[in-house]
Amino acid sequence: MRIAPDWKEYRVIATGDGEKLEKWGDITLLRPDPQVIWHAKTPLASYKGIDAIYERSRTGGGMWKYKRNVPSEFTISWRDLTFSLKLMGFKHTGLFPEQAVNWDRMMTLIKDADREISVLNLFGYTGAASVACLKAGAKVCHVDSAKAMVERAGENVRLSGLDNSGMRYIIDDCFKFCQREIRRGKKYDAIILNFANCDMVGHTGVLDAAVKAVETVDECMGKVYDAAKSMPDTVLCVTADHGNADCMLNPDGKINTAHTTNPVPFVVCCDGVKLRDSGRLSDIAPTMLDIMGIAQPAVMSGKTLIVK
């Protein structure tokens, strides 16, 4: 595990019992976090100074309970990048601070490439990864089907003082957009993609919905595979960072809405590449760098999974 670097305006105060207490600038929030499977020494809700608590509903979803006045929108900075945040109805703020590990790595790879890098972000959301890549000098195509998210990405570029000319904003269905890009012969050096169906639906505990989510991801992955195989010199790597919808019921029969620690697959679609039978999540990045012929940085503790 790597610690997200250089955060001065964000920190995790405490965790336990499926909750996470966080400091976002001057605002303190208590939110559910299904990955927190340990107990808290003291109830986190008893912490003095909490501004808002997200409470889940028994029928699904939830809402924010405000203990103090919280601005409808506020900002937070990482290094010299600034992001606009707001408390959303599904517990999020519009930013995942732990992803700073990936922002840092992407920025390093882009800067070390010694040429202009083009990035296609198909998990656009509010644009943190897009902003980081843009800051490092890449040309970025930011895609999201939600107009509000794309507008928020543009706002984050502006707040960070970056030149908008290096960012292309697309409001569209990702698959349809990719089909057009393929017909146009457009190529990218890196593509950011995440199928969140199983994760988002798995947390609801609704089995029928989870089955549909798995079927949808399976269908979409088939399309991604076919598209990747149709393009020369393209390597497809598929994995997950944790179990999502693989366990919907606990041994006692109660619904399980948390992530699991079950092993996850890592598949590399590339002729002539053979992987070791087992590994760790920390081995994935070194494996991808090995495929690209890029030296593994000393900070990475994992090892390539490729059998030489």
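**Entry 1: tryptophans at the start**

I opened with W7, which counts as buried at 15% relative accessibility, because buried here means under 20% relative accessible area. A reminder to myself: this is a predicted model. W103 also counts as buried, at 3% relative accessibility.

Next I looked up how many aromatic pairs a search of the whole structure finds, and the count is seven. W7 and W103 make one of these pairs, an edge-to-face one, with 6.2 Å from centre to centre and 65 degrees between the planes. W7 sits in the segment before β1 (10-16) and W103 in helix α1, so their pair ties together parts that are 96 residues apart in sequence.

I also noted the wider group around them: W7, Y10, W24, W78, F83 and W103 form one aromatic cluster.

**Entry 2: Y54 and W64**

I wanted to know about Y54 and W64: stacked or edge-to-face? Their ring centres are 5.4 Å apart and the planes stand at 75 degrees, so I wrote down edge-to-face, since planes over 60 degrees apart count that way. Y54 belongs to strand β4 (residues 52-56) and W64 to strand β5 (residues 62-66), so this pair ties together parts 10 residues apart in sequence.

Are they buried or exposed? Y54 counts as buried at 4% relative accessibility, and W64 is buried with a relative accessible area of 8%.

**Entry 3: strands around β4**

While on β4, I checked its strand partners. β4 and β5 run antiparallel and are joined by five bridges; I53 has K65 in β5 as its bridge partner. On β4 I also found strand β3 (residues 27-32), which runs parallel to it with two bridges between them. There, L29 has A52 in β4 as its bridge partner.

A general note for the margin: strands of a sheet pair through backbone hydrogen bonds, either parallel or antiparallel.

**Entry 4: the β6-β7 hairpin**

I moved on to β6 and β7, which form a hairpin with two residues between them. R79, in the turn, has a positive phi of about 55 degrees. The two strands run antiparallel with five bridges, and S77 stands opposite T82 in β7.

Which side chains of β6 (residues 74-78) are buried? The side chains alternate along the strand: F74, I76 and W78 point to one face and are buried. T75 and S77 point to the other face and are not buried. W78 is also in the aromatic cluster from my first entry, as is F83.

**Entry 5: S84**

I then picked S84, which is found in strand β7 (residues 81-85). S84 counts as buried, at 4% relative accessibility. What does its side chain contact? A polar contact of 3.4 Å joins the side chains of S84 and E73. Leaving out residues up to four places away in sequence, I listed what S84 touches: E73, F74, T75, R152, E155, N156 and L159.

**Entry 6: the four-stranded sheet**

I looked up the order of the open sheet of four strands, and it reads β10-β9-β8-β11, with parallel pairing. β10 (167-171) and β11 (190-192) are the edge strands, each pairing on one side only. On average, neighbouring strands of this sheet are turned by 15 degrees against each other, direction ignored.

For one pairing in detail, I took strand β8 (residues 118-121) and strand β9 (residues 139-144): they run parallel and four bridges join them. N121 stands opposite H142 in β9. Helix α2 (residues 128-135) packs on this sheet, touching β8, β9, β10 and β11. The direction of α2 makes about 170 degrees with that of β9.

**Entry 7: charges over rings**

Two lysines caught my eye. K186 has its charged end over the ring of Y188, 5.2 Å from the ring centre. K223 has its charged end over the ring of F175, 4.5 Å from the ring centre.

**Entry 8: helix α7**

I finished with helix α7 (residues 284-292), where I284, P286, T287 and L289 are buried. Against what do the buried residues of α7 pack? I found α1 (100-111), β12 (236-239) and β13 (266-269). α1 is the helix that holds W103. Just after α7, G293 takes a positive phi of about 75 degrees.

How values were computed:
Residues numbered from 1 in each chain as written. Predicted model: local features only at pLDDT ≥ 70, side-chain atom pairs only at ≥ 80, totals over all residues. Heavy atoms only, no water. Pairing = 2+ DSSP bridges. Axes fitted to C-alpha atoms, helices over the stretch in contact; angles between N-to-C directions. Contact = heavy atoms within 4.5 Å. Buried < 20%, exposed > 50% of the residue type's maximum accessible area, 1.4 Å probe, protein only. Phe/Tyr/Trp six-rings, centres within 6.5 Å; stacked < 30°, edge-to-face > 60°. Lys NZ or Arg CZ within 6 Å of the ring centre and 35° of its normal. Polar contact = N/O pair within 3.5 Å; in protein donor to acceptor, adjacent residues only side chain to side chain.
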